[in-house]
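Here is a short tour of one chain, working from single residues out to the whole fold. Keep the viewer open and follow along.

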Amino acid sequence: MRLLIALLLPWLLFFTIGRPIAGVICLILQITLVGWVPAAIWAVYSLSQYNTDKKISSAMGGGQE
């Protein structure tokens with residue numbers, strides 16, 4: 001579901017993963033149609049990093065952040 005959000009509304013993804021400042025920057029980038037593709041790529045990359053960090057944190061500390 002988050003991957004779909006990352007492709008369609010990249011700025012919204014940043015708010016769902018707890019990065020509101022990046023979400024605002026991404027929204028400014030996405031306002032231009034040319035910036036939509038870099039914004040979507042950035043959102044997908046950030047989502048993969050978020051998922052990796054969650055897996056590492058659950059493996060190291062039992063899910064505690």
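Before picking out residues, one cut-off is worth having in hand: a residue counts as buried under 20% relative accessible area and as exposed over 50%, with partly exposed in between. Bear in mind, too, that this is a predicted model.

**Confidence and overall layout**

How far does the predictor trust its own work here? The mean pLDDT of the chain is 88, and 94% of its residues reach 70 or more. By element, confidence is lowest in α1, at a mean of 88, while helix α2 (residues 10–16) has the highest value, 92.

The secondary structure is easy to sum up: four helices and zero strands, so to read it from the N terminus on is to read α-α-α-α. Along its principal axes, the C-alpha trace spans about 40 × 20 × 15 Å. The chain has 65 residues, of which 25% count as buried. Its accessible surface comes to about 4,500 Å², and 73% of that belongs to carbon and sulfur atoms. Take the contacts with a separation of 6 or more, and 40% of them are between residues 24 or more positions apart.

**The outside**

Start at the very beginning of the chain. Met 1 is in the segment before α1 (2–8), and it counts as exposed because its relative accessibility is 77%. Met 1 also belongs to a nonpolar surface patch of about 620 Å², together with Leu 3, Leu 4, Leu 7, Leu 8 and Leu 9.

Ile 21, in helix α3, is another nonpolar residue to look at; its relative accessible area of 66% makes it exposed. Between the C-alpha atoms of Ile 21 and Ser 57 there are 23 Å, with 36 residues separating the two along the chain.

**The inside**

In soluble globular proteins, nonpolar side chains tend to be buried together. In this model, the largest nonpolar core has nine residues: Ala 6, Leu 13, Phe 14, Ile 17, Ala 22, Cys 26, Ala 39, Ala 43 and Leu 47. The elements giving two or more residues to this core are α2, α3 and α4 (33–61), and α4 gives the most, with three.

Two members of that core meet directly: Leu 47 is among the residues that Leu 13 touches. Leu 47 sits in helix α4 and is buried, given a relative accessible area of 7%. Leu 47 isn't next to everything, though: its C-alpha atom is 16 Å from that of Leu 27, 20 residues away along the chain.

Gln 30, in helix α3, is a polar residue worth a click. Is Gln 30 buried or exposed? With a relative accessible area of 7%, Gln 30 is buried.

Here are the contacts of these three residues, leaving out residues up to four places away in sequence.

| Residue | Residues touched |
|---|---|
| Leu 13 | Arg 2, Ile 5, Ala 6, Ala 43, Leu 47 |
| Leu 47 | Arg 2, Leu 3, Leu 13 |
| Gln 30 | Leu 8, Leu 9, Pro 10, Trp 11, Gly 35, Trp 36, Ala 39 |

Some names in the table have come up before. Leu 3, touched by Leu 47, is part of the surface patch, and so are Leu 8 and Leu 9, both touched by Gln 30. Ala 39, another contact of Gln 30, is a member of the core.

Key
Residues are numbered from 1 along each chain as its sequence is written. This is a predicted model: local features need pLDDT of at least 70, side-chain atom pairs count only at pLDDT 80 or more; totals for chains, interfaces and linings use all residues. Side-chain values use heavy atoms; hydrogens and water are left out. Patches are made of residues with over 30% relative accessible area and no salt bridge: like charges are joined within 9 Å, nonpolar side chains (Val, Leu, Ile, Met, Phe, Trp, Tyr) within 5 Å. Accessible areas come from the Shrake-Rupley method with a 1.4 Å probe; for residues, only the protein chains shown count as cover. A salt bridge is a side-chain nitrogen of Lys or Arg within 4 Å of a carboxyl oxygen of Asp or Glu. Buried means under 20% relative accessible area, exposed over 50%, partly exposed in between (1.4 Å probe, protein chains only). pLDDT is the predictor's confidence in each residue, from 0 to 100. Contact means heavy atoms within 4.5 Å. A nonpolar core is a set of buried Ala, Val, Leu, Ile, Met, Phe, Trp, Tyr and Cys residues joined through side-chain atoms within 4.5 Å.
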